[in-house]
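Take a first walk through this protein chain. Begin with one term, then look at single residues, then step back to the whole.

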Amino acid sequence: MTDTITPGRADRGPIPLPPAAARLLVPIGAVGTIASAFMSWTWTPDFPGNLTIYGYPAGLQILALVAGALTLLYGLSLWRVKGLDRLNPAGATSPVFLVALSAFTVCWFTGIAIAVDLGGLVNLDPGAWVAMAASALPVVGALALPHPAPGTGVRGYFTKPDQPRAGTRSGLVERAVITVGTALALVVFTYGIGINDDDSETFIGFLLVLVFASWGLLHAGLVDRYSALSARHKGFAATLAFVAAVIFPFTQSDDHNANIGVNILIFATVALGLNIVVGLTGLLDLGYVAFLGVGAYAAALVSGSEYSRFSGVHFPFWAAALTGMAASLVFGVLIGAPTLRLRGDYLAIVTLGFGEIFRIAVNNLDGDSGPDITRGPNGITQIPDLSIFGFHLGDQHQIAGFTLGRFANYLFLMLIVTAIVVLVFTRAADSRIGRSWIAIREDETAATAMGINGFRVKLIAFALGASLAGLAGTVMAHVNYSVNPQPYQFAGAAPPNSAFLLAAVVLGGMGTVSGPLLGASVLYLVPEKLQFLQNYELLAFGVALILLMRFRPEGIIANRRQKLEFHETGQLDVPAQTTLSDGTTVTKAGA
């Protein structure tokens, strides 16, 4: 949200400093933070990133440099420097405070981590002390800037009296903005995924900068403006996103990072299928991962594995994919037909039971407890790599001087699969059946009274979501060389599991395309890079969801309907206004 004060005098911030002095502290501290990145922060290279070299930022110093530069830009926007007002269209000072926090948190985290890891404050070089002191100045300055009187219900710190005017840009300029935004997103993702798995300190610093800087951009209104641009040029934005994903493997020298990308796309695709059931139709499915397992097992049985019950059968990929989708579709109909007349918690309990029944069933189809179909806990192993039109995905390939390994090949395949799923999701959501899903989600009784066959509509959603999960399961079986029952449970130490998929949908934003993609990326990448979190995955999910419900209940990326539901007064065409005791008019407008 972005707030402004019109017209009149705003009260001072919690720190008693003159506004001019407060505005001066922000750029001064930002410059000091940038300068500290070129100094030595510790004397020993034992700390990750080698922060011992003068004039050459590395590791956490690079993050401090970026956060300091962003703080400087927003600090200068308070002085109305020409061109920088576009970074903060409403002139709010809450974005300044948040981006200042990004520099403050990464500098202080680094200083504390050096002291803890190396055994005392004596291990801090002058650069670390300068970074910690300088990064605190913008925070103090932002807190001292004017803000509304307490009790008005308006959040943030504000300096400019007028609301931002909606500018008019040519289509070429708007496409250029979308291109720059996509390139920045690719750079940020590439940097984050490229951090070594054993360098948890640098990844935590990366998260701190990313969270607070993104929060600041959100308060500045830039995120919503960029979303509006992308919505106006939806095809162009989607094409750029696809191109950026294609470029990603060429930026990686380690095929392990491509493996992470493949798994993110697999789980994001499954989350999109779940989004049909949960986000569009409003059905709480706690056993959705079972459909992923059905598709994976069905494909494994017909893909030529010597451990398959049908070892002589070797379908081509398209036939195996259709088999996995068909099997998941059948199970979706069989489970949905007798249960979708239930609502709310009862439906959630039944779907949770189905997920557990599937895992237990495939665990017992081992020839001893039941028929020998899935080999029980041993699973179906040695699933051969795919070969599509003579292109063997298990081999390395040289393209334009770049070496693409096995996981990079599967990444390209998953990009095609993800594009298909996104197309199906968007076309279905915009269709008559999609509007029926939304009507059922909002009020099933009213939708039924208007002539919508609720049972049929929900069964279609259940079946379509299940078939999309089966398609992703087909690829996952070949990527992992095997399938076994262990991952297909409600919650576990690592994805896939139903809790992970549901959290990805809720965290990213229900009912959107990019929301589950972002949610799955965050929830998979964080435990992958922070190994100590893998045993506390559910705790991390719980904390993330609590924070999300408090600060952004509609999800990180939300559609307009969700915003209206959670922020009604902030999204009206006529902004809500409050008059303070001294005559100041406070206007609250949606960012």
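A polar contact is a pair of N or O atoms within 3.5 Å; within protein, one atom must be able to donate a hydrogen and the other to accept it. Keep that cut-off in mind for the side chains below. The model is predicted.

Start in helix H6, at threonine 202. Its side chain makes a polar contact with the side chain of aspartate 199, at 2.7 Å. That distance lies within the 3.5 Å limit. Is threonine 202 buried or exposed? Its relative accessibility is 4%, so threonine 202 counts as buried, the limit being under 20%. Leaving out residues up to four places away in sequence, threonine 202 touches Gly59, Leu60, Leu63, Tyr191 and Ile195.

Now follow helix H6 itself. The helix runs over residues 200–220, which makes 21 residues. At 1.5 Å a residue, H6 should span 30 Å. How far apart are its end C-alpha atoms? They are 30 Å apart, so the model agrees with the expected span. Just after H6 comes glycine 221. Its phi is positive, near 90°.

Next, turn to helix H3, residues 94–118, where threonine 105 lies. At 17% relative accessibility, threonine 105 counts as buried because the limit is under 20%. Its side chain reaches the backbone oxygen of serine 102 at 3.2 Å. Threonine 105 is also in contact with Leu208 and Phe212, with neighbours within four places in sequence left aside.

Threonine 110 lies in H3 too. Its relative accessibility is 0%, so threonine 110 counts as buried. Which residues does threonine 110 touch, leaving out those up to four places away in sequence? They are Trp41, Phe47, Leu51 and Leu60. Leu60 is also among the residues that threonine 202 touches. Threonine 110 and isoleucine 204 are 94 residues apart in sequence. Their C-alpha atoms are 9.6 Å apart in space.

Another pair of this kind involves arginine 441, found in helix H14, residues 432–442. Along the chain, arginine 441 and valine 277 are 164 residues apart. Their C-alpha atoms are separated by 9.7 Å. Arginine 441 has 18% relative accessibility, so arginine 441 counts as buried.

Move on to the loops. Arginine 375 sits between helix H12 (344–364) and strand E2 (387–388). Arginine 375 is not a glycine, yet its phi is positive, about 65°. With 24% relative accessibility, arginine 375 counts as partly exposed. Tyrosine 481 sits in the loop between helix H16 (454–479) and helix H17 (498–508). Tyrosine 481 also has a positive phi of about 65° without being a glycine. Its relative accessible area is 38%, so tyrosine 481 is partly exposed.

Now look inside. In soluble globular proteins, nonpolar side chains tend to be buried together. Here the largest nonpolar core has 113 residues. Those with the most contacts inside this core are Trp41, Ile266, Tyr410, Val475, Val483 and Tyr488. Which helix gives the largest share of this core? Helix H9, residues 255–280, supplies 15 residues. Apart from this core lies another, of 9 residues, including Ala22, Tyr74, Leu78 and Val96.

Tyrosine 410 shows the surroundings of one core residue. Not counting residues up to four places away in sequence, tyrosine 410 touches Val262, Asp385, Leu386, Leu393, Val475, His478 and Val479. Val475 is itself among the core residues with the most contacts.

Finally, step back to the whole. The protein chain holds 20 helices and 7 strands. Of its 591 residues, 50% count as buried. Take the contacts between residues at least 6 apart in sequence: 75% of them join residues at least 24 apart. The accessible surface comes to about 26,200 Å², and 66% of that surface belongs to carbon and sulfur atoms.

How confident is the predictor, and where is the score low? The average pLDDT of the protein chain is 81, and 87% of the residues score at least 70. Over residues 148–167 the pLDDT is below 50. Beyond near neighbours in sequence, this stretch has 58 contacts in the model. Residues 569–591 also have a pLDDT below 50. That stretch has 58 contacts as well, again beyond near neighbours in sequence.

Definitions and conventions
Residues are numbered from 1 along each chain as its sequence is written. This is a predicted model: local features need pLDDT of at least 70, side-chain atom pairs count only at pLDDT 80 or more; totals for chains, interfaces and linings use all residues. Side-chain values use heavy atoms; hydrogens and water are left out. Helices (H or I, at least four residues) and strands (E, at least two) are DSSP runs, numbered from the N terminus. The expected span of a helix is 1.5 Å times one less than its number of residues. Buried means under 20% relative accessible area, exposed over 50%, partly exposed in between (1.4 Å probe, protein chains only). Contact means heavy atoms within 4.5 Å. pLDDT is the predictor's confidence in each residue, from 0 to 100. Accessible areas come from the Shrake-Rupley method with a 1.4 Å probe; for residues, only the protein chains shown count as cover. A nonpolar core is a set of buried Ala, Val, Leu, Ile, Met, Phe, Trp, Tyr and Cys residues joined through side-chain atoms within 4.5 Å.
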